[in-house]
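Here are a few worked exercises to try with the coordinates open in your viewer. Have a go at each task before reading its solution.

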Amino acid sequence: MQIRRAVILSLAFVAFVAAPFGCAALAQEQEAPPLQRWSFHGPFGMYDPQQLQRGFKIYREVCSTCHSLKLVAFRNLADPGGPNFTEEQAAAVAAEFKVQDGPNDQGEMFQRPGRIADHFPPPFANDQIARNANGGALPPDMSVLAKARGFERGFPWFIFDAFTQYQEDGPDYIHALLNGYTDPPKGFTLPPGAQYNKYFPGHAIRMPKPLSDGQVEYTDGTPATVDQYGRDISAFLMWAAEPTLDARKRLGFQVFVFLIVLTVLLYFTKKRVWHEVLHHPELLEPRPPTEYRRG
Amino acid sequence: MTTISAAEPSRRDFLLVATGAVGAVGVAALLTPLIGQMEPDASTIAAGAPLDVDLAPIAEGQIVKVFWRSKPIFIFHRSKRDIDSAREVNWHTLPDPAPDSARVQAGHEQWLVLIGICTHLGCIPLAHQGNYDGWFCPCHGSQYDTAGRIRQGPAPANLALPPYKFASDTTIRIGETAPAKA
Amino acid sequence: MSGYSIYKPQNPFMRWLERRLPVASLVYSSFIAYPTPRNLNYWWTFGAILTFMLGAQIVTGIVLAMHYTPHVDYAFNSVEAIMRDVNYGWLLRYLHANGASFFFVAVYAHIARGMYYGSYKEPREVLWILGVILFLLMVVTGFMGYVLPWGQMSFWAATVITNLFSAIPWVGDPIVTWLWGGYAVGNPTLNRFYSLHYLLPFVIVGVVVLHVWALHVVGQNNPTGVEPKTEKDIVAFTPYATVKDVFFTAVFCLFFAWFVFYIPNYLGHSDNYIPANPGQTPPHIVPEWYYLPFYAILRAIPNKLLGVIALGGSIVLLAFLPWLDTSRVRSAKYRPLYRQFLLIFFAVVIGLGYLGSQPPEGGYVIAARILTAYYFVFLLIILPLLGLFETAKPLPNSISESVLREGVPVGASAPPPSGAKA
């Protein structure tokens, strides 16, 4: 009881000192992206293969012009826990891309159709060419982009996030960014070559608005809106960044069940072992004479 | 150390046994990823996928070397002389008996496809050398004939055959076997 | 070692081995028959948890090392290949990364136990100092490990922390160049950090052996701070302490599994998924959470050299705790004033941790300076004075007396039978 009071006093002391200063900093922060619902959120969340296929279509038709996906291989499209293409479909996708190979017998590098074992080839041969083609800005590789982006949740939300298992700050940010192109507010000076985006840090983004309604055709009846595109490409990028999510959560469930069973058994074992000492200490046999070398 | 009360030994035993068993299962389960991570990873397996080789540029009498699953593969476009010299020997007397017909695929007898690793201790034999117009291994002197069979030297077995099939008359796919004929 | 219950091998092979290399009797006297105070609470299980985590980190680290490439052009991609292609690679990587965090959770709990119950006091000073050395080794090992994935945070944390040494007058810059192996953090730095990151855990193992040896010479402390006097005060290590250690390790693993399987990137920073770019500094460089309090102390001091000294001092001063704390009474259970100040100290450390994660602007700076001041005032002024002026509560005469004091044994649900046997 003494301890509890002391702890509460201590925490209050710290909060009293730190909190007012925290609020001042918050005022300078950007607006946080709104949270979306994701099929892969939570302990039983999993990717939706249909959504990943739509997202891949967006990558293929829109993003791949400027953004590479170098760490993802065509064979990954057919892996379990992903867009669930068949091996033939994945090989067909691969064949649509040109991959650099060589040197050949003449010592030259050459282009050949992609094979299923290849990784997605980058649209630009190197970063400098990419910059030159994009006004000096480098379109980042998207392989782990969904894990490389996020936003501060602030106190106390970051504590709740550990319990709600919120790991989707990357997809939330990407969705918000893609839907966040607006006119700049009065008095905001936009640097040349940039556009205003509500959620991009600093608000001046070099990427022109990549998506508009109806740009990518959906054959499964899903509405072809920028909001939907944003969800689908964010989900696809999350898969690209974390392809083993389904397997991870599945194994996690099994491990949890196992550990709970083990912990319960160990708890009762501990109680059983300690029973004599705690309840009938006088029954303990006298131990052989010993010396204690104590200080 | 401590007296164990005479009462309820079976309940205590069951609890300890159950706990021990669950713990043992956990330890065994832990070994799965620790040992499994040394198995070939997905990119290695993907790189070991079947390889298509175009036979058209290979001239008669020429031996070409390609790599499949990091192993050298000899592709020998045999001339009539090579085939005859492989067939005229009494194959029952060879160190590792095998008829020439077992070394090639029916209808494509001029094509000999072998894993180019000496069955003695793993060196790569040299083509068109040795007394049998086949291969000669410089490490310890093993000699193979025009069907890749061991004739002389310390190697115990013929050069191994990789799985392969004829995707067409001029292309082979190394790594896949032809479906068995009815 | 004292002469408690002796190991007498029955098996002929064990007799043969015992005469030549007495490992069995060593294990027996150290971990089976070893006398342990009977009133240890669960804060005492963190030693075993730390041993378990050290083993886990070494095992996962060795298997990860089979797939990692310590070169600036390949490091980031090799880690991604582990995550995507290596069988269970994602599991091993997340176990190792989150394992480092949980290693630090356990060590902070272990240190807190030591500070609360006075486990650093006479005759356990060397034990405590070995512990501070272990903590320092952990800090260095963890720092180098974080550099290996070669993300933005890896690179810039390496740059900032190695640059700290330039604060040393005269020899500072040559030392930094020597550490880098070049004119900036680069491939030589990455390679040598990899080598040392592989080496230091085994140095930690060696120091742990010394730490446990030092412990076994003097025996465990206990929540009363009163040393065991008679047989009534102790129990054998196995099965009593062993079963509690294993049970609480399983509970610890439940929390560990929560992070590894469901929120594996929660404790990390998203910027470390951006490949290292020496030409672009991230907007906010932050270390991993377990370094944040020390990072806050470093930034709180406006002078570069003094900031570095404060950073080092905040850890090194802990080694002097046995002499800074002048009280003869060990356990905070019987030192009400000390307990208040100590709990505030723990809250201050947590507060510093939060401040370390925020940009060093405005109110955060002032708060960090206040909390840093308390940190050092506590260690250098409050502790020595408390020992002189504090009136402790009366101590129990023995452990068993404290256990039976209210007539109810520790943890039991019913009073013991009065006098005669049941």
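A nonpolar core is a set of buried Ala, Val, Leu, Ile, Met, Phe, Trp, Tyr and Cys residues joined through side-chain atoms within 4.5 Å. Keep in mind that this is a predicted model.

**Exercise 1. The cores**

Task: Find which residues have the most contacts inside the largest nonpolar core, and which helix gives the largest share of this core.

Solution:
- Start with the count: the largest nonpolar core holds 125 residues. Those with the most contacts inside it are C:Met115, C:Tyr338, C:Tyr375, C:Phe378 and C:Leu379.
- Next, sort by element. Helix α5 (residues 89-117) of chain C provides the largest share of this core, 15 residues.
- Now zoom in on C:Met115. Leaving out residues up to four places away in sequence, C:Met115 touches C:Tyr120, C:Trp128, C:Leu318, C:Leu321, C:Tyr338, C:Leu342, C:Phe345, C:Phe346 and C:Phe378.
- Don't stop there: another core, of 44 residues, lies apart from the largest one, and A:Trp38, A:Leu52, A:Leu178 and A:Val216 are among its members.

**Exercise 2. A helix pair in chain C**

Task: Work out whether α11(C) and α15(C) are roughly parallel or roughly perpendicular to each other.

Solution:
- Two packed helices are described by the angle between their axes and the distance between the axes.
- Here, the axes of helix α11 (residues 292-300) and helix α15 (residues 362-389), both of chain C, come within 9 Å and cross at roughly 110°.
- Angles of 65 to 115 degrees count as roughly perpendicular, so α11(C) and α15(C) are roughly perpendicular to each other.
- Who makes the contact? On α11(C) it's C:Phe294, C:Ala296, C:Ile297 and C:Ala300, and on α15(C) it's C:Ala368, C:Arg369, C:Thr372, C:Tyr375 and C:Phe376.
- Split by class, the contact of α11(C) with α15(C) has 7 nonpolar, 1 polar and 1 charged residues.
- One cross-link to Exercise 1: C:Tyr375 belongs to this contact, and C:Tyr375 is also one of the residues with the most contacts inside the largest nonpolar core.

**Exercise 3. Strands in chain B**

Task: Say which strands stand at the edges of the open sheet β1-β10-β9 of chain B, then follow the pairing of β3(B).

Solution:
- Strands of a sheet pair through backbone hydrogen bonds, either parallel or antiparallel.
- The open sheet has 3 strands in the order β1-β10-β9, with antiparallel pairing.
- β1 (51-54) and β9 (164-168) of chain B each have a single partner strand, so they stand at the edges and one side of each lacks a neighbour in the sheet. From one strand to the next, the twist averages 30°.
- Check one pair: β1(B) and strand β10 (residues 171-174) of chain B are antiparallel over 4 bridges, and B:Val53 has B:Ile172 as its bridge partner in β10(B).
- Now move to strand β3 (residues 71-77) of chain B. Strand β2 (residues 63-68) of chain B runs antiparallel to β3(B), joined by 6 bridges, with B:Val66 opposite B:Ile73.
- In the hairpin of β2(B) and β3(B), 2 residues sit between the strands, and B:Arg69 takes a positive phi near 50°.
- β3(B) also pairs with strand β4 (residues 111-115) of chain B, antiparallel over 5 bridges, and B:Phe76 stands opposite B:Leu112.
- Last step: 6 of the 7 residues of β3(B) are buried, so this strand is largely enclosed by the rest of the structure.

**Exercise 4. Buried or partly exposed?**

Task: Classify A:Trp239 and C:Ile62 as buried or partly exposed, and list their contacts beyond four places in sequence.

Solution:
- Locate A:Trp239 in helix α8 (residues 226-241) of chain A. Its relative accessibility is 2%, and buried means under 20%, so A:Trp239 counts as buried.
- A:Trp239 touches A:Tyr47, A:Leu52, A:Val72, A:Asn76, A:Leu77, A:Gly81, A:Gly82 and A:Pro83. A:Leu52 is also among the residues of the 44-residue core.
- Locate C:Ile62 in helix α3 (residues 46-65) of chain C. At 31% relative accessibility, C:Ile62 counts as partly exposed.
- The contacts of C:Ile62 beyond four places in sequence are C:Tyr198 and C:Phe202.
- For context, chain A has 9 helices and 4 strands, and 43% of its 295 residues are buried.

How values were computed. Residues are numbered from 1 along each chain as its sequence is written. Chains are lettered from A and ligands numbered from 1 in the order in which they are written. This is a predicted model: local features need pLDDT of at least 70, side-chain atom pairs count only at pLDDT 80 or more; totals for chains, interfaces and linings use all residues. Side-chain values use heavy atoms; hydrogens and water are left out. Axes are lines fitted to C-alpha atoms, for helices over the stretch in contact, and angles run from 0 to 180 degrees between N-to-C directions. Angles under 35 degrees count as roughly parallel, over 145 as roughly antiparallel, 65 to 115 as roughly perpendicular and the rest as oblique. Contact means heavy atoms within 4.5 Å. Ala, Val, Leu, Ile, Met, Phe, Trp, Tyr, Cys and Pro count as nonpolar, Asp, Glu, Lys and Arg as charged, and the others, Gly among them, as polar. Buried means under 20% relative accessible area, exposed over 50%, partly exposed in between (1.4 Å probe, protein chains only). Two strands pair if DSSP finds at least two bridges between them.
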